[in-house]
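Me: I should like to go through a model with you and ask, for each term applied to it, on what grounds the term is used. Please set each value against its criterion before concluding.

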Amino acid sequence: MTPGTHLRSLTLLVLLASSLAAQEIPITTSSEEARALYIQARDLGERVRSSEAKPLLEQAIAKDSTFALAYLELASGQQSISDMRAFVAKALACSEKASPAERMLIQAAQARLDNNSGKEKELREKLAELFPADKRVLYNLGLYYQFFDGNIEASIQPFKKAIKIDSQYHPAYNNLGYAYSSLGKYDEAEQTLKKYVELIPAEANPHDTYAEVLMKQGKISESIVEYKKSLAIDPTFYYSHIGLGTNYVFLGRGGEGRTQFKKLFDISANALERYQAIEAAARSYLIERKFENAVQELEHESALALQMKDTAIAAVAAAAVVEILAEAGKTKEAESKLMRAKKLVFQPTSYGEMNVLHAEITLALSRARTDDARATLAEYKKRAETSANGNQLKESHSLAGRIALKQKRYDDALTELQQADQRNAQTLFITAQVYAAKGDKAKAKEFMSKAANFNDMSWAYALVRKKAKEELAKLK
């Protein structure tokens, strides 16, 4: 094929993509076969079946080695940050042959890896402005608001718009259900997720999401039923192993829960799933206040990550060890672990760096060194502001609230905590402590109840669950 023929073929394919998907971002490739493989892989990814999507994307790239969107899609399914970076770099290298909109998609992915939330927001909002009828553009904007900007309320409209464009677009129902649940709108969440199940009943993820929303409401038995439905469809679906095991832990059956996590570890096809299994076990021990066991699990994860040359995961695990040791009152050991965590951080703007700074503040507070905590918080906040990361900015307020509580500046603490994430169990727990210190038993009870019954799979809840339940019992 002559260069001119190649160019004409490429132009025709772009025009074909535009005519078939009017007002959607084009899929630029020199191979129609590659395009078909990419679309098939994208559909599998949206069904949370990335392991099945991977070989199709590899085949697509074999047919068109400059297929930028295929590299980008492959990046999203990688198991380590270093591998994600490598594939995004390949996408960027090929982006000269892609459309301007495709380049913006790739640049948004790069911004996320660089913890440049402000740039990602600008790009995704601009894409939504340019392509208001592209359901995937809207969906990804919603995802950004939901998980990276910490603005759940803002995520709802993009999801709804995506559904209005295509009422069969099932990923939007999934995340809209999560958004409603996060806002405590459980009736809307359940209605949305029942539609999600109806759209793709033979897939595992709809049952998994529905199970998680039931768990959040404390409907543990019903949640277990849905998780088992998910695993009956796909026995390897790792999210459901974690959710099912966590429900057992909430029922006081920690051993049974960890058996479920060990099962996941043994059947896992990749490192990411093994990391998740280990972290779930560590959280289960943290819920039971068995700090030494939790640390052992995270040390296992860190060692495994280093074997895989995944320094970011190792750094995050090491930072979590510091937090747990500080909670256990083992401050000298925590100090040595903090030094290790600092050495593991592989890039100044990484999420690992922020985790390590967070752990350093927690350790300083456990030692009542509030001046040190405030100095480190200033650095944490500076980085959060530079990246415009909404989640990290909210966490900086939570940390400031903890410092103010330690200094008995209760009104200042409340001012800070009101600006923190109200969908974080630790924020709620600290708020309850502040009200208790001020002598406001009613408010203390209100927030302690929220913290005690938060019912999610986060580290924050694992850290405070038992304490919150004990404190709540004292307030009754």
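The exchange below takes up aromatic pairs, burial, charges over rings, a polar contact, backbone angles and a pocket.

Me: What kind of model is this?

Reply: This is a predicted model.

Me: How many aromatic pairs are there, and why is the pair of Tyr139 and Phe159 called tilted?

Reply: The count comes to nine aromatic pairs. In one of them, the rings of Tyr139 and Phe159 have their centres 5.9 Å apart, which is within the 6.5 Å required of a pair. Their planes stand at 50 degrees; stacked needs under 30 and edge-to-face over 60, so the pair is tilted.

Me: What makes this pair a link between parts apart in sequence?

Reply: Tyr139 belongs to helix H8 (residues 135-148) and Phe159 to helix H9 (residues 152-165), so the pair ties together parts that are 20 residues apart in sequence. Ring pairs also join Tyr139, Phe159 and Tyr169 into a cluster.

Me: Are Tyr139 and Phe159 buried or exposed, and on what grounds?

Reply: The limit for buried is under 20% relative accessible area. Tyr139 has 13%, so Tyr139 counts as buried. Phe159 has 0% and is therefore buried.

Me: Why is the pair of Phe237 and Tyr239 placed in its class?

Reply: The centres of the two rings, those of Phe237 and Tyr239, are 5.4 Å apart, within the 6.5 Å limit. The planes are at 55 degrees, neither under 30 nor over 60, so this pair is tilted. As to accessibility, Phe237 is at 6%, under the 20% limit, and so counts as buried. Tyr239 is at 36%, between 20% and 50%, and is therefore partly exposed.

Me: How do you know that the charged end of Lys90 sits over the ring of Phe87?

Reply: The charged end of Lys90 is 5.0 Å from the centre of the Phe87 ring, and the distance limit is within 6 Å. The criterion also asks for a position within 35 degrees of the ring normal. Lys216 likewise lies over the face of Phe454, at 3.4 Å from the ring centre.

Me: What makes the approach of His241 and Gln260 a polar contact?

Reply: The side chains of His241 and Gln260 are joined at 2.8 Å, and a polar contact requires N or O atoms within 3.5 Å. His241 lies in helix H14 (residues 238-250). At 1% relative accessibility, under 20%, His241 counts as buried.

Me: Why are the phi values of Lys309 and Asn455 singled out?

Reply: Phi of Lys309 is near 60 degrees, a positive value in a residue other than glycine. For Asn455 phi is near 55 degrees, again positive in a residue other than glycine. Lys309 is in the loop between helix H17 (291-307) and H18, and Asn455 in the loop between helix H25 (441-452) and H26.

Me: Which term, buried or exposed, applies to Lys309 and which to Asn455?

Reply: Lys309 has a relative accessible area of 68%, over the 50% limit, and is therefore exposed. Asn455 has 10%, under 20%, so Asn455 counts as buried.

Me: What makes Asp134 and Tyr227 count as buried, and where are they?

Reply: Asp134, in the loop between helix H7 (117-130) and H8, has 4% relative accessibility, under 20%, and so counts as buried. Tyr227, in helix H13 (residues 220-233), has 0% and is therefore buried. The C-alpha atoms of Asp134 and Lys161, 27 residues apart along the chain, are separated by 9.5 Å. Those of Tyr227 and Gly245, 18 residues apart along the chain, are separated by 9.6 Å.

Me: How is the second largest pocket lined, and what is its volume?

Reply: The volume of the second largest pocket is about 390 Å³. Its lining has 16 residues, and Glu327, Arg402, Gln426, Gln433 and Lys467 lie nearest the centre. By class, seven lining residues are nonpolar, four polar and five charged.

Me: Which helix supplies the largest share of this lining?

Reply: H24 does, with four residues. Among the helices that each supply at least two residues are helix H18 (311-327) and helix H26 (459-475).

Note on methods. Residues are numbered from 1 along each chain as its sequence is written. This is a predicted model: local features need pLDDT of at least 70, side-chain atom pairs count only at pLDDT 80 or more; totals for chains, interfaces and linings use all residues. Side-chain values use heavy atoms; hydrogens and water are left out. On a 1 Å grid over the protein atoms alone, a cavity is a set of points where a 1.4 Å probe fits but cannot get out, and a pocket is an open set with protein on both sides within 12 Å along at least five of seven lines; lining residues have an atom within 4 Å of a point. Grid points are joined across faces, edges and corners, and a volume is the space filled by probe spheres set on the points. Ala, Val, Leu, Ile, Met, Phe, Trp, Tyr, Cys and Pro count as nonpolar, Asp, Glu, Lys and Arg as charged, and the others, Gly among them, as polar. Rings of Phe, Tyr and Trp (its six-membered ring) pair if their centres lie within 6.5 Å; planes under 30 degrees apart count as stacked, over 60 as edge-to-face and the rest as tilted. Buried means under 20% relative accessible area, exposed over 50%, partly exposed in between (1.4 Å probe, protein chains only). A polar contact is a pair of N or O atoms within 3.5 Å; within protein, one must be able to donate a hydrogen and the other to accept it, and residues adjacent in sequence count only if both atoms are side-chain atoms.
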